[in-house]
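The following questions and answers examine one protein model, moving from single residues to the core. Please consult the sequence and the structure while reading.

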Amino acid sequence: MEIDLDKIYIFKTNIKQLCANCAVSKTLSSDVAILQWSIDTDDVDCVLRIVSESLSVKRIINIINDLGHECYELN
């Protein structure tokens with residue numbers, strides 16, 4: 001699959017741990033609008049990368065905030 005670089009969104013979060021059964025993982029994995037996602041929990045900014053052709057930055061931030069985490073777009 002070829003990824004459009006304009007559709008990769010990068011965020012700073014406070015997500016320190018991730019597991020297959022946690023709410024963040026379940027939510028991001030089950031959202032059909034999210035093509036790929038990853039969180040670098042070893043990075044000081046706990047960087048979240050999302051590839052989506054239809055979600056907006058605001059919507060992604062709302063998804064993470066609704067799960068009880070902080071999320072800010074990185075430029």
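Q: Is Ser25 buried or exposed?
A: This is a predicted model, in which local features need pLDDT of at least 70, side-chain atom pairs count only at pLDDT 80 or more, and totals for chains, interfaces and linings use all residues. Residues are numbered from 1 along each chain as its sequence is written, and side-chain values use heavy atoms, with hydrogens and water left out. A residue is buried under 20% relative accessible area, exposed over 50% and partly exposed in between, with a 1.4 Å probe and protein chains only. Since Ser25 has 9% relative accessibility, Ser25 counts as buried.

Q: In which helix is Ser25 found?
A: Helices (H or I, at least four residues) and strands (E, at least two) are DSSP runs, numbered from the N terminus. By this rule, Ser25 belongs to helix α1.

Q: Which backbone oxygen lies 3.5 Å from a polar atom of the side chain of Ser25?
A: A polar contact is a pair of N or O atoms within 3.5 Å; within protein, one must be able to donate a hydrogen and the other to accept it, and residues adjacent in sequence count only if both atoms are side-chain atoms. Contact in general means heavy atoms within 4.5 Å. Not counting residues up to four places away in sequence, Ser25 touches Leu18, Cys19, Ala20 and Trp37. The backbone oxygen at 3.5 Å from the Ser25 side chain is that of Cys19.

Q: Why do the buried residues of α1 lie on the same side of the helix?
A: Helix α1 spans residues 23-30, and its buried residues are Val24, Ser25 and Leu28. The arc is that of the directions from the helix axis to the C-beta atoms. These residues are on the same side of α1 because they cover an arc of only 95°.

Q: Which strands are included in what covers the buried residues of α1?
A: The cover includes the helix α2 (57-66). One residue beneath it, Leu28, touches Ile34, Trp37, Leu48, Ile50, Ile63 and Ile64, leaving aside residues up to four places away in sequence. The strands included in the cover are β2 (36-40) and β3 (47-51).

Q: Over how many bridges do β2 and β3 pair?
A: Two strands pair if DSSP finds at least two bridges between them. In this pairing, Gln36 stands opposite Val51 in β3. The two strands run in the antiparallel sense, and the number of bridges is five.

Q: Why does Cys46 form no disulfide with Cys71?
A: A disulfide is a pair of cysteine sulfur atoms within 2.5 Å, and a search of the whole structure finds zero. Cys46 is buried at 1% relative accessible area, and Cys71 is buried at 4%. The closest cysteine sulfur to that of Cys46 is in Cys71, which is too far for a bond because the distance is 11 Å.

Q: Which polar contact joins the side chain of Ser52 to a backbone nitrogen?
A: Ser52 lies in the loop between β3 and α2 and is buried, with a relative accessible area of 0%. The backbone oxygen of Ala33 is 2.6 Å from a polar atom of the Ser52 side chain. The backbone nitrogen reached by this side chain, at 3.3 Å, is that of Ser54.

Q: Which element gives the most to the largest nonpolar core?
A: A nonpolar core is a set of buried Ala, Val, Leu, Ile, Met, Phe, Trp, Tyr and Cys residues joined through side-chain atoms within 4.5 Å. The largest has 17 residues, of which Phe11, Leu28 and Leu48 touch the most other members. Two or more residues come from each of β1 (8-13), α1, β3 and α2. With four residues, the element that gives the most is α2.
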